[in-house]
Amino acid sequence: MDKNFAARRRRDLIIAAVLAALAALAPLFVKNVYIQNILVLTLMYAALSQSWNILSGYCGQISLGHALYFGIGAYTTELLFTKFGVLPWFGMLAGGGIAAVIAMGLGYPFFRLRGHYFVIATIVIAEIGLLLFQNWEWAGAALGITIPVRGDSWLKFQFMRSKLPYFYFALALCCLAWFVTWWLEDSKWGFWWRAVKDNPEAAESLGVVVFNSKMGAAAVSAFLVAIGGAFYAQFLAYIDPESVMGFQFSLLMALPAVLGGIGTLWGPVLGAAILIPMTELTRSYIGGSGRGVDLIVYGTLIVLISLALPQGLVSLFSRSKAKGATR
Amino acid sequence: MGLLYGLIAVGLALIFGLMDVTNFAHGEFLMIAMYASFFLFAFFAIDPLLSAPLVAAAMFVFGAVVYLLIVRFAMRAKANAGMVQIFTTFGLAIVMRGLAQLFFTPDYRSIPQSWLGGKTVSIAGIFLPEPQLVGALVSIAAFAGLYFFIHRTDFGRALEATREDPGAVALVGIDKNRVFAFGWGLGAALVGLAGAIMAVFFYIYPDVGASFALIAYVTVALGGFGSVFGAFAGGIIVGLVEAVTALMLPPSLKSVGIYAVYLLVVFIRPRGLFGSM
């Protein structure tokens with residue numbers, strides 16, 4: 001058993017390295033800016049969903065308010081950059097740090113709540129954040145912040161001519177989120193989280209400090225999501241509260257993980273690889289009419305996938321593997 | 001206004017609170033009820049007040065069909081049942097919004113003249129707009145009806161028993177799907193009633209449901225899951241808090257007060273005010 005586990009982990013790491021290498025070569029073949037754009041978004045959502053999965057998948061604390069951390073990442077970076085001239089690289093880390101601290105501060109009262117009460121509390125807190133930013137004059141209120149163009153440079157993490165640097169950063173972020181998950185999965189934290197998810201009382205009685213392990217998951221998850229938010233802000237060069245803190249982001253972070261397989265290592269990547277291109281393509285090919293057909297198609301697919309594969313797309317792979325094992 | 005929130009929330013209290021099924025399409029149920037009432041007015045000149053029972057009946061069928069066609073299967077999921085429910089009903093909400101855009105166009109519509117629109121009554125020197133007043137009365141009646149229904153009839157007991165233990169219920173000969181389909185129908189009919197009344201004084205557009213759905217969730221959770229009276233009390237509190245916040249903060253921040261009160265309440269009472277679950 002132990003040997004199998006170790007072998008599986010090694011295999012996961014090798015697969016990830018191969019996939020990352022292949023993805024890194026993709027821009028050699030894909031010259032179309034529109035497709036590159038989709039690739040960047042796909043990688044970004046894979047990273048976000050992977051981070052969301054740490055708290056909601058592994059630790060079982062379903063959050064539908066992660067847009068708050070995404071927005072905090074974006075706003076911290078851009079406020080520091082436009083008001084104080086702090087480079088986005090530092091802003092990004094600051095945003096991540098602030099998001100992690102806020103996540104722990106909120107976790108203190110939130111983690112006492114269970115089930116629906118917890119989920120609604122996460123939605124509500126993100127909504128409060130959204131309303132506050134919409135009314136915060138200094139931060140641009142509802143109009144948001146336009147990031148001034150200072151020419152392409154890695155130093156300022158700003159590129160107007162090409163999308164490639166964004167692509168590589170998104171890829172790196174995705175790899176980072178995956179690697180953190182991979183590493184945590186086999187750490188004592190990973191085992192704690194799964195115990196907390198399955199049966200908090202039993203975990204507590206066996207000496208897992210349930211509260212602290214939830215806090216740890218929240219902090220890591222929020223930190224990574226905020227980095228994603230900072231990236232998104234630089235990528236768009238414009239942010240406003242609705243476009244970085246809206247409820248749809250909370251859902252878009254959760255969806256890939258749920259469709260791919262919640263609480264699994266590969267679920268978020270798989271889910272994002274299918275969901276995000278599908279979203280973008282339906283939007284641009286049949287959404288142009290403004291008549292809602294894209295919504296109908298998109299919504300129907302979500303209903304069908306979640307009904308047909310409650311354990312996510314990953315379950316397709318593990319099912320065939322299980323068959324192989326019994327043979 | 002609080003009683004109106006209560007009226008929207010009462011249907012959700014039944015589906016979400018009593019049957020413990022997450023319905024993210026509740027706002028969209030409200031939206032199509034408002035459209036139904038609008039079209040009955042536009043084509044047949046039936047006043048929303050008269051068409052309200054019609055709309056409620058149609059919504060009853062709609063709710064039961066949604067349960068039988070979709071939700072039934074979502075509840076069957078062995079793993080991640082909660083997430084499956086969230087995302088199937090969320091997908092349904094998106095489809096409904098898309099369909100509304102396709103067939104009804106994204107334009108804002110309103111019912112220009114109705115028996116109630118724009119009139120006010122004066123009670124002891126306080127002027128109250130008539131539609132809201134009727135809404136409040138309907139809301140009280142709906143709550144009283146539902147309360148009676150859940151606590152005094154066989155069906156109400158069957159509903160609670162089914163949530164508690166579907167297996168045992170099947171043993172005594174109650175068909176779980178029939179009970180829940182009826183519950184979903186009833187929940188949808190109640191939100192249909194809310195939609196018919198709100199159509200008189202709110203703009204009707206495909207995304208209208210989204211703005212009320214979150215408040216309806218907060219209302220139900222504030223009152224506590226599993227309690228009809230809780231949802232009623234939650235509605236009144238939400239309405240009062242909104243009115244008070246609107247006096248103290250700019251109008252764009254009026255919902256902040258509601259959300260803050262929700263957080264405060266659940267921090268002190270993690271199961272809501274009157275919750276039993």
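**View 1. Two helices of chain A cross each other.** In this predicted model, helix α2 (residues 33-58) of chain A packs against helix α11 (residues 247-260) of chain A at an angle of about 80 degrees, and their axes are 8 Å apart. Angles of 65 to 115 degrees count as roughly perpendicular, so α2(A) is described as roughly perpendicular to α11(A). To find the meeting place, look on the α2(A) side for residues including A:Tyr45, A:Leu48, A:Trp52 and A:Ser56. Their partners in α11(A) include A:Leu252, A:Met253 and A:Pro256. Sorted by class, this contact between α2(A) and α11(A) holds 9 nonpolar and 4 polar residues, with no charged residues.

**View 2. Chain A meets chain B.** Here we turn to the contact between the chains, to which chain A gives 34 residues and chain B gives 39 residues. Which elements of chain A each supply at least two residues to its side of the contact? They are α5 (115-134), α11 and α13 (293-308). You have already met α11 of chain A in View 1, where it packs with α2. The side of chain A that touches chain B is made up of 22 nonpolar, 8 polar and 4 charged residues.

**View 3. Helix α9 of chain A, from end to end.** This helix runs over residues 210-236 of chain A and has 27 residues. At 1.5 Å a residue it should span 39 Å, and its end C-alpha atoms are 39 Å apart, so the two values agree. Is α9(A) largely enclosed or largely open? It is largely enclosed by the rest of the structure, because 22 of its 27 residues are buried. Just past the helix comes A:Ala237, with a positive phi of about 60 degrees.

**View 4. Helix α9 of chain B.** In chain B, α9 covers residues 208-223, which gives it 16 residues. From its first C-alpha to its last it reaches 24 Å, close to the 22 Å expected at 1.5 Å a residue. Most of α9(B) is covered, with 13 of its 16 residues buried. The residue that follows α9(B) is B:Gly224, and its phi is positive, near 105 degrees.

**View 5. A tyrosine in a loop of chain B.** Find B:Tyr108 in the loop that links α4 (81-104) to β1 (120-123) of chain B. Why does B:Tyr108 count as exposed? It has 11 other C-beta atoms within 10 Å, and a residue with 12 or fewer counts as exposed. Leaving out residues up to four places away in sequence, B:Tyr108 touches B:Tyr203 and B:Tyr205. For another landmark, try B:Leu30: it is 78 residues from B:Tyr108 along the chain, and their C-alpha atoms are separated by 15 Å.

**View 6. Chain B and its annotated spans.** Chain B has 11 helices and 2 strands, and along the sequence they follow the pattern α-α-α-α-β-β-α-α-α-α-α-α-α. Of its 277 residues, 54% count as buried. An unreviewed UniProt entry gives the annotation "transmembrane region" to several spans of chain B, among them residues 83-104 and 179-205. Residues 83-104 of chain B are 100% helix and 0% strand, and the end C-alpha atoms of this span are 31 Å apart. Residues 179-205 of chain B are 74% helix and 0% strand, with end C-alpha atoms 33 Å apart. As you trace the chain, keep an eye on partners from distant parts of the sequence: among contacts in chain B with a separation of 6 or more, 75% join residues 24 or more positions apart.

Conventions. Residues are numbered from 1 along each chain as its sequence is written. Chains are lettered from A and ligands numbered from 1 in the order in which they are written. This is a predicted model: local features need pLDDT of at least 70, side-chain atom pairs count only at pLDDT 80 or more; totals for chains, interfaces and linings use all residues. Helices (H or I, at least four residues) and strands (E, at least two) are DSSP runs, numbered from the N terminus. A residue is buried if 20 or more other C-beta atoms lie within 10 Å of its own, exposed if 12 or fewer, and partly exposed in between; C-beta atoms are placed from the backbone. Two residues are in contact if their C-beta atoms, placed from the backbone, lie within 7 Å. The expected span of a helix is 1.5 Å times one less than its number of residues. Axes are lines fitted to C-alpha atoms, for helices over the stretch in contact, and angles run from 0 to 180 degrees between N-to-C directions. Angles under 35 degrees count as roughly parallel, over 145 as roughly antiparallel, 65 to 115 as roughly perpendicular and the rest as oblique. Ala, Val, Leu, Ile, Met, Phe, Trp, Tyr, Cys and Pro count as nonpolar, Asp, Glu, Lys and Arg as charged, and the others, Gly among them, as polar. UniProt positions are given in the numbering used here, feature names are shortened, and annotations may be inferred rather than shown by experiment.
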